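Q: Could you take a close look at one part of this protein for me, the sheet in its last domain, and then show me how the rest of the chain is laid out around it?

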Amino acid sequence: MGIEIRPVSGDERRDIILRLGGYAFGPTPPLPFDNEFWQGFVRISEGAPNLVAFEDGQAVAMVHSTPMTQHVRGKIVPMGGVWAVATMPVARRNGLARRLMADLLAGDRARGAAMTCLWAFKESFYARLGYVTFPQWRKATFAPEPLIPLLKKDLGGTVEMLSIADGFDLYWDYLQEVQTRTHGMALVKPVLLRERNRRWLAVARVDGRVVGTILYQLADGGDETLIFKAERFFYTTVQGRYLLLEWLARHVDQTREVSLVLPPGELPETWWLDLQPKTTSIESALGRVLDVTRLAGIEVGPGQFTARISDPFCPWNEGCYRFASDGGCLDITPSVGAECTLSIEALTGLVYGIRDPEVFALEGWGDPSPDLQATMRSMFPACLPFLHEEF
Ligand SMILES: CC(C)(COP(=O)(O)OP(=O)(O)OC[C@H]1O[C@@H](n2cnc3c(N)ncnc32)[C@H](O)[C@@H]1OP(=O)(O)O)[C@@H](O)C(=O)NCCC(=O)NCCS
């Protein structure tokens, strides 16, 4: 049977996403699966790179990616966010998703991406393609009552409440500022947020400057109660954090529970006495280096080493490189021979700061000596990336 692989657009793309995506991710029948969310998503993602496999003229598998930016150790680089990876059952386990992913990643690289990230149904499927699991985000849930004393404190500054439609430009500006200081943070303009206008934005300001924002909704908590659901809680300063917590305290009579989605590494249990948040994890994202040479210029600690990179899935990365700190920025040049072997997973783990080099041998990701491992730790200190975008 003949397989044709090509990108799709317009009504054909819409129909394929609603049928294949509907079957893979939605409750069906009926097909095509259609609702307001998907329609909006299909509309705003028109033009996003995609590939569809057709078997005897029928679409049976698809992959998509959205060009984004990502903060990687002090540098904002282009990143391809992969989504809607699906194969119809009749065509599964024939290597189609793998083939489409290989072609999609080659295209993303040709379009300039340095990294690629995604949210996985199952890590092991994407681990085969060189992706490495990120630390999980946290959801903190607590009753707002312990925050009441904040209402009597003079925190300085103000908090303004806006609809997200009215506050959109301000929020977008603030997100871009947050991205400049948040390792791992991916960003794409959230136009659907403005269009749907179903979120509140609380904006903390000091001397006119934005120092924090909460993107939230008051959601039905059952039994005629409301839950203050904040899907993003960002602050630039401690003052910003407490202004936002005071905003939560203002909802004490209205909401029995607050839930905040927080980057990994946030410690809400230390924010206020008796808060006692219950924290749960949110599923993991994965990422990988897409083009080794485009890592040049990221911030690194002192050191240098040479490594033979193996990356059978993205073969353009294969070869020997010298990685060296040049005044605190990574310099990458080809090398003749190498002190160790590193898989692309190992390099990804170092760059995002999410794997210690001691695990490489155990994972089958490389063979750096203890001395080289120490150099790698110096150049790529451990970090907690926060992807921010969900796709
Ligand atoms: C997951 C899915 C896209 C796989 O598509 P596919 O065309 O059958 O995948 P492939 O045949 O290309 O498989 C590629 C590799 O992944 C492995 N694989 C396939 N399905 C897998 C699964 N469910 N879990 C773990 N590994 C899997 C294959 O064995 C193969 O490994 P190999 O290259 O080492 O032989 C498909 O089953 C699907 O659409 N599932 C429902 C939707 C979904 O969950 N999509 C992913 C969203 S993130």
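**The four-stranded sheet and beyond**

A: Let's start with the sheet itself: it is open, has 4 strands in the order β18-β17-β16-β19, and its pairing is mixed. Keep in mind that this is a predicted model. At the edges sit β18 (329-334) and β19 (340-343), each of which pairs on one side only. Direction ignored, neighbouring strands here are turned by 40° against each other on average.

Now zoom in on one edge. Strand β17 (residues 319-326) runs antiparallel to β18, and 6 bridges join the two. If you want a spot to click on, try Y321, which stands opposite P334 in β18. Over at β19 there's a helix to look at: α8 (residues 344-352) packs on the sheet, where it touches β16 (304-310) as well as β19. The direction of α8 makes about 80° with that of β19.

So much for the sheet; here's the wider layout. The protein is divided into domain 1 (3-119), domain 2 (138-281) and domain 3 (287-379). Between domain 1 and domain 2, the C-alpha centres lie 32 Å apart. Their contact takes 12 residues from domain 1 and 13 residues from domain 2. On the domain 1 side, the elements giving two or more residues are α2 (36-44), β3 and β4 (75-87). Strand β3 has the largest share of that side, with 5 residues. Sorted by class, the side of domain 1 that touches domain 2 has 5 nonpolar, 6 polar and 1 charged residues.

Since β3 turns up there, let's see what it pairs with. Strand β3 (residues 58-72) runs antiparallel to β2, with 6 bridges joining them. One bridge to pick out: F54 has A59 in β3 as its partner. These two strands form a hairpin with 2 residues between them, and D56 in the turn has a positive phi of about 50°. Strand β2 (residues 50-55) also pairs with strand β1 (residues 3-6), again in the antiparallel sense, over 4 bridges. There, I3 stands opposite E55 in β2. As you follow these strands, remember that in a regular strand the side chains alternate between the two faces of the sheet.

To pull it together, you have an open sheet with β18 and β19 at its edges and α8 packed on it. In domain 1, β3 is joined to β2 by 6 bridges and also gives 5 residues to the side that touches domain 2.

Notes:
Residues numbered from 1 in each chain as written. Predicted model: local features only at pLDDT ≥ 70, side-chain atom pairs only at ≥ 80, totals over all residues. Pairing = 2+ DSSP bridges. Axes fitted to C-alpha atoms, helices over the stretch in contact; angles between N-to-C directions. Contact = placed C-beta atoms within 7 Å. Domains from an automatic or database assignment. Nonpolar A, V, L, I, M, F, W, Y, C, P; charged D, E, K, R; others polar.
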